[in-house]
Amino acid sequence: KRLVAAQDELSAESLAQGVAYLIEAAGIERLRITGGEPLVSPRLEPFLREVGRFGLQEISLTTNGQLLASKLPVLLEAGISRLNVSLDTLDPLGFRQIARGGDLESVLNGLRAAHQAGMQVKINMVPLRGQNLDQVLPMLDFCLERGFELRFIELMRMGHLARDGRSFQQQFVGLAELLELIAQHYEFIQTDAPVDATALRYEIDGHGVFGVIANESVPFCRTCSRLRLSSTGWLHGC
């Protein structure tokens with residue numbers, strides 16, 4: 001990802017107009033607000049007011065969770081009922097190292113508040129060798145106990161990792177290794193997912209479901225139906 005100058009970003013009204021065009025031209029029914037971190041943007045609330053009038057089946061949001069507790073009333077008022085929260089570890093020191101700042105307890109407080117409010121929550125975790133591989137099972141236990149769906153996301157060849165293949169291979173944890181690790185503690189079977197889903201989903205009988213977004217091991221680009229509208233008004237197929 002690259003940084004974008006604030007003056008180059010569209011207003012909330014213009015972004016909402018872009019969504020309206022996509023509804024008309026492409027028939028989109030679901031909208032996910034991502035970032036960067038959407039909860040820090042002053043445009044979030046006016047944007048939500050605009051797109052809330054469009055009759056979409058679902059509006060969801062992806063966040064790092066730092067401001068989730070304080071912003072939750074705004075999200076609930078806008079009709080957002082589903083969240084994706086990025087969380088790579090339950091260890092406070094490891095959290096600060098991986099996230100390069102922030103506070104784990106703030107994220108956990110936000111998750112508790114969202115859970116109490118009845119929101120559907122998915123947790124996104126990127127397993128990294130040498131950093132948080134020991135957190136795979138604690139994170140899975142944490143999510144299963146609370147009814148959250150944990151999504152393990154394979155490390156992507158983005159940023160400096162697109163140029164540094166050695167660093168990528170040193171940190172990468174693939175689907176097969178991840179499932180082998182989980183199988184030491186849980187029995188699971190692969191379960192159904194929509195044809196255009198980005199995640200492989202697995203059911204642990206009597207406990208819940210987890211997913212793996214295996215972008216390296218099992219690429220899904222051929223069946224992906226998502227469109228991405230950037231903050232500067234560009235439309236991407238990924």
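Colleague: In this predicted model, which residue's side chain is joined to that of Arg112 by a polar contact?
Modeller: Arg112 belongs to helix α5, which covers residues 104-116. The polar contact from the side chain of Arg112 has a length of 2.2 Å, and the side chain at its other end is that of Asn109.

Colleague: Is Arg112 buried, partly exposed or exposed?
Modeller: The relative accessible area of Arg112 is 40%. Buried residues fall under 20% and exposed ones over 50%, and because 40% satisfies neither condition, Arg112 is classed as partly exposed.

Colleague: How far apart are the C-alpha atoms of Arg112 and Val40?
Modeller: Along the chain, Arg112 and Val40 are 72 residues apart. In space, the separation between their C-alpha atoms is 20 Å.

Colleague: What span does α5 reach from its first C-alpha to its last?
Modeller: Helix α5 has 13 residues, for which a span of 18 Å is expected at 1.5 Å a residue. The value computed from the model is close to that expectation, at 19 Å.

Colleague: Around the axis of α5, how wide an arc do the buried residues cover?
Modeller: The buried residues of α5 are Leu104, Val107, Leu108, Gly110, Leu111 and Ala114. They lie on the same side of α5, because the arc they cover around the axis is only 160°. As background, an α-helix has 3.6 residues a turn, so residues three or four places apart point the same way. The arc asked for is therefore 160°.

Colleague: Which residue of β3 is the bridge partner of Thr62?
Modeller: Strand β2, residues 58-63, pairs with β3 in the parallel sense over four bridges. These two strands, together with helix α3 (residues 68-77), make a right-handed β-α-β unit. Within β3, the residue bridged to Thr62 is Asn84.

Colleague: How many residues of β3 are buried?
Modeller: Strand β3 covers residues 82-86 and is described as mostly covered. Of its five residues, the number that are buried is four.

Colleague: Which residue in β4 is the bridge partner of Val85?
Modeller: Strands β3 and β4, the latter made of residues 120-125, run in the parallel sense and are paired over five bridges. One of the partnerships between the strands links Ser86 with Asn124 of β4. For Val85, the partner in β4 is Ile123.

Colleague: Through which helix does the chain cross from β4 to β5?
Modeller: Strand β4 is mostly covered, with five of its six residues buried, and four bridges join it in parallel to β5, residues 149-153. Across this pairing, Met125 stands opposite Phe152 in β5. The β-α-β crossover between β4 and β5 is right-handed, and the helix it passes through, residues 136-146, is α6.

Colleague: How many disulfides does a search of the whole structure find?
Modeller: A disulfide is a covalent bond between the sulfur atoms of two cysteines. Among the cysteines, Cys143 is buried at a relative accessible area of 1%, whereas Cys224 is partly exposed at 28%. Over the whole structure, the number of disulfides found is zero.

Colleague: Is Pro219 buried or exposed?
Modeller: Pro219 lies in the loop between β8 (208-213) and β9 (228-229), and its C-alpha atom is separated by 24 Å from that of Thr63, which is 156 residues away along the chain. The relative accessible area of Pro219 is 58%, and because a residue over 50% counts as such, Pro219 is exposed.

Note on methods:
Residues numbered from 1 in each chain as written. Predicted model: local features only at pLDDT ≥ 70, side-chain atom pairs only at ≥ 80, totals over all residues. Heavy atoms only, no water. Buried < 20%, exposed > 50% of the residue type's maximum accessible area, 1.4 Å probe, protein only. Polar contact = N/O pair within 3.5 Å; in protein donor to acceptor, adjacent residues only side chain to side chain. Pairing = 2+ DSSP bridges. Right-handed = clockwise from strand over helix to strand, strands pointing away. Disulfide = S-S within 2.5 Å. Expected span 1.5 Å × (residues − 1). Arc of directions from axis to C-beta.
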